[in-house]
Amino acid sequence: MSDEKNVPQYDAVVVGGGITGIYQVHLLEEAGHTVLGIEAGDDVGGTWYWNRYPGCRLDTESYAYGYFAMKGIIPEWNWEERFASQPEVLRYVNRAADAMDVRRLFRFKTTVVAAHYSDADGIWSITLSGGEVVTCRFFISATGPLSATRMPDIAGIETYQGESFHSSRWPTDSEGHPVNVDFSGKKVGVIGTGATGVQIIPIAAETAAELFVFQRTPNWCTPLGNEKISDREMDLLRNSYPTTLEYVKSTDTAFPYHRDPRKGTDVSAEERQALFAKLYDQPGYGIWLSGFRDLLVSAESNKYLADFVADKIRQRVKDPVTAEKLIPTDHPFGSKRVPMETNYYETYNKDNVHLVDIREAPIQEITPRGIRTSDGEYDLDVIIFATGFNAVTGALDRIDIRGKNGLPLKEAWADGPVTFLGLQSKGFPNFFTLVGPHNGSTFCNVGVCGALQGEWVTRMISYMKARGLTRSEPSEKAQDSWTEEVYRDFSRTLLAEANAWWVKVVEKPDGSIERRSLVHVGGGPAYRQRSEQVAYHDYNGFELS
Ligand code: N01
């Protein structure tokens with residue numbers, strides 16, 4: 001970096017002002033690096049800024065997601081609810097941004113259009129939406145795995161005359177504040193029954209004159225069990241932050257649950273039922289993450305739990321035909337993200353709520369007045385698209401990222417991502433993907449895992465700077481072996497049987513399909529142990545120069 005023209009404007013550019021991006025920017029500045037953050041929204045918040053639909057809330061225990069409080073950045077924070085609502089989480093992220101004083105390091109209302117690496121000087125040129133180009137040594141994405149909105153490809157969608165919006169682009173007023181969409185007296189349609197649809201549907205059903213749920217695939221959903229946190233409980237939680245942090249770091253997904261050491265196939269039917277009943281009634285993810293240890297590897301063990309949850313659905317939904325339609329038949333329990341619900345199934349007992357099975361009668365088109373399926377036309381005043389995201393790589397695909405010799409990232413990853421530790425890809429020196437593909441922070445409680453990863457990357461950049469090293473790129477060997485390990489771990493689980501958002505479905509030349517994981521499912525502790533070994537051995541697996 002001695003030659004003037006080889007000095008970039010910034011040590012690092014971080015894309016994304018969500019919970020991970022703001023912490024990364026803070027850490028880099030604190031470590032003495034010059035850093036610029038770029039954020040498309042007009043303030044921090046990321047997923048909590050964009051997702052403002054009614055019913056949006058955490059399904060991680062607030063206190064276990066709230067890394068900033070655990071780290072002592074905003075130790076005084078009082079969570080109001082066990083699973084905080086979106087407005088509360090957004091206030092929390094804003095408060096953390098104030099405490100870290102990071103807004104001055106961000107450009108808001110700005111997107112990254114292109115990022116090109118120059119092999120000649122090892123510098124990234126980042127083109128921003130206004131046309132300006134900034135340069136940096138390290139280009140870091142913190143774009144979030146679920147930020148690239150996916151609209152369905154339905155004929156006539158643009159002709160619809162009523163109100164319509166994707167769940168993560170809730171309408172705003174002229175000043176950009178989300179508006180309270182009033183469903184009273186309206187006919188509302190919701191397409192999509194993933195975690196988002198499952199949160200919106202019961203709320204919309206409270207006021208809509210008629211609510212039509214267009215379901216293609218039912219999901220296994222279980223009760224959230226939300227409640228207020230009392231002052232006394234909050235004091236106890238605050239005092240145990242150090243223990244909580246150590247505990248969540250010890251679990252596979254950084255949620256506060258450890259698996260039961262027994263196998264579901266080894267215990268009696270009575271013992272199984274007792275555990276399932278206890279977990280079903282407990283708040284949060286326990287039923288998915290603290291059940292029998294063979295839940296996601298044994299089809300037999302999985303079926304025991306699936307049958308239990310199916311019976312619960314039958315008990316909660318009065319109409320037996322509707323109940324059967326709400327029970328998944330195409331994927332094992334927990335092989336897709338389990339939506340956590342509040343009165344979701346009871347909602348279908350309301351007279352104004354109608355389940356439209358679009359597997360049976362597919363949507364043919366969207367008309368100016370509503371949705372037409374092969375069975376008839378539904379007149380609608382509002383259509384909500386809860387149709388999900390182009391997950392994990394989607395946000396990166398929207399940026400023209402080019403590495404050595406102008407190689408587009410999209411081309412390098414055409415058959416699925418290839419990375420080392422899910423952090424770097426050969427051919428793209430100094431480009432780090434936080435909470436990215438094949439990365440141990442993505443199939444994880446992102447509030448904690450993304451932050452831990454930011455700390456690791458900061459250490460690596462500081463290590464390099466201290467030694468005058470300006471280039472980091474994984475070796476082919478390290479990258480191949482990591483990519484193989486990611487696919488192998490995934491294929492050993494029942495996760496490989498479902499088209500969850502963390503899967504890239506690749507059609508092979510013989511017409512068969514292969515599900516390639518976009519995430520590392522080998523567990524957070526193993527991932528971080530591996531990362532620490534790499535760091536200890538002078539970043540073995542990365543070629544540094
Ligand atoms: O998206 P999804 P999501 N025609 O992809 C349907 C996180 N999250 O926004 O399954 C008709 O899960 C699609 O149907 P199918 C969480 O990690 C967290 O709900 O493809 N339907 C499916 O039903 C979650 O997993 C919280 O057949 C179409 C739905 O749309 C992730 O975000 C809350 C369609 C999409 O479901 C994504 O959840 C909410 C079409 N053309 C979300 N295209 C918390 O609680 C898609 N669908 C923190």
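How many residues does the hairpin that joins E14 to E15 pass through? In this predicted model, the hairpin from E14 to E15 runs through 2 residues. A good place to start, then, is the sheet to which these strands belong. The sheet is open and has 3 strands in the order E13-E14-E15, paired in antiparallel fashion. Strand E13 (363-366) and strand E15 (376-379) stand at the edges with a single partner strand each, so one side of each has no neighbour in the sheet. On average, and with direction ignored, neighbouring strands here are turned by 20° against each other.

The pairing can be followed residue by residue. E13 and E14 run antiparallel and are joined by 3 bridges, and the hairpin between E13 and E14 goes through 3 residues. Ile 363 has Thr 373 in E14 as its bridge partner. On the other side of the pairing scheme, 4 bridges join strand E14 (residues 370-373) to E15, again antiparallel. Thr 373 stands opposite Gly 376 in E15, while Gly 370 stands opposite Asp 379 in E15. Thr 373 is thus a residue to look for in both pairings, facing Ile 363 as well as Gly 376.

Turning to the overall layout, the domain assignment of the protein chain gives domain 1 (4-148 + 391-544), domain 2 (150-221 + 341-388) and domain 3 (254-337). The C-alpha centres of domain 1 and domain 2 are 32 Å apart. Their contact takes 11 residues from domain 1 and 14 residues from domain 2. By class, the side of domain 1 that touches domain 2 consists of 6 nonpolar, 2 polar and 3 charged residues.

Domain 1 and domain 2 also meet in the surroundings of the ligand, since each of them supplies at least three residues to the shell. Of the 20 residues around the ligand, those that come nearest are Pro 152, Gly 192, Gly 194, Arg 337 and Gly 388. Helix H6 (residues 195-207) provides the largest share of the shell, with 4 residues. Sorted by class, the shell has 8 nonpolar, 9 polar and 3 charged residues.

Some backbone details deserve a look as well. Most residues other than glycine have a negative phi. Ala 254 is not a glycine, yet its phi is positive, at about 65°. Ala 254 sits in the loop between helix H8 (241-250) and helix H9 (269-281). Ala 254 is buried, because 31 other C-beta atoms lie within 10 Å. His 438, also a residue other than glycine, has a positive phi near 65°. The place of His 438 is the loop between E18 and H16, and His 438 counts as buried because it has 29 C-beta neighbours inside 10 Å.

Gly 440 can be found in the loop between strand E18 (431-433) and helix H16 (446-466). Is Gly 440 buried or exposed? With 29 C-beta neighbours inside 10 Å, Gly 440 counts as buried. Once neighbours within four places in sequence are left aside, Gly 440 is in contact with Gly 422, Cys 449, His 520, Gly 524, Tyr 527 and Arg 528. Pro 54, by contrast, is 386 residues from Gly 440 along the chain, and the C-alpha atoms of the two are separated by 30 Å.

Conventions: Residues are numbered from 1 along each chain as its sequence is written. This is a predicted model: local features need pLDDT of at least 70, side-chain atom pairs count only at pLDDT 80 or more; totals for chains, interfaces and linings use all residues. Two strands pair if DSSP finds at least two bridges between them. Axes are lines fitted to C-alpha atoms, for helices over the stretch in contact, and angles run from 0 to 180 degrees between N-to-C directions. A residue is buried if 20 or more other C-beta atoms lie within 10 Å of its own, exposed if 12 or fewer, and partly exposed in between; C-beta atoms are placed from the backbone. Two residues are in contact if their C-beta atoms, placed from the backbone, lie within 7 Å. A residue is near a molecule or strand if its C-beta atom, placed from the backbone, lies within 6 Å of it. Ala, Val, Leu, Ile, Met, Phe, Trp, Tyr, Cys and Pro count as nonpolar, Asp, Glu, Lys and Arg as charged, and the others, Gly among them, as polar. Domain bounds come from an automatic or database domain assignment.
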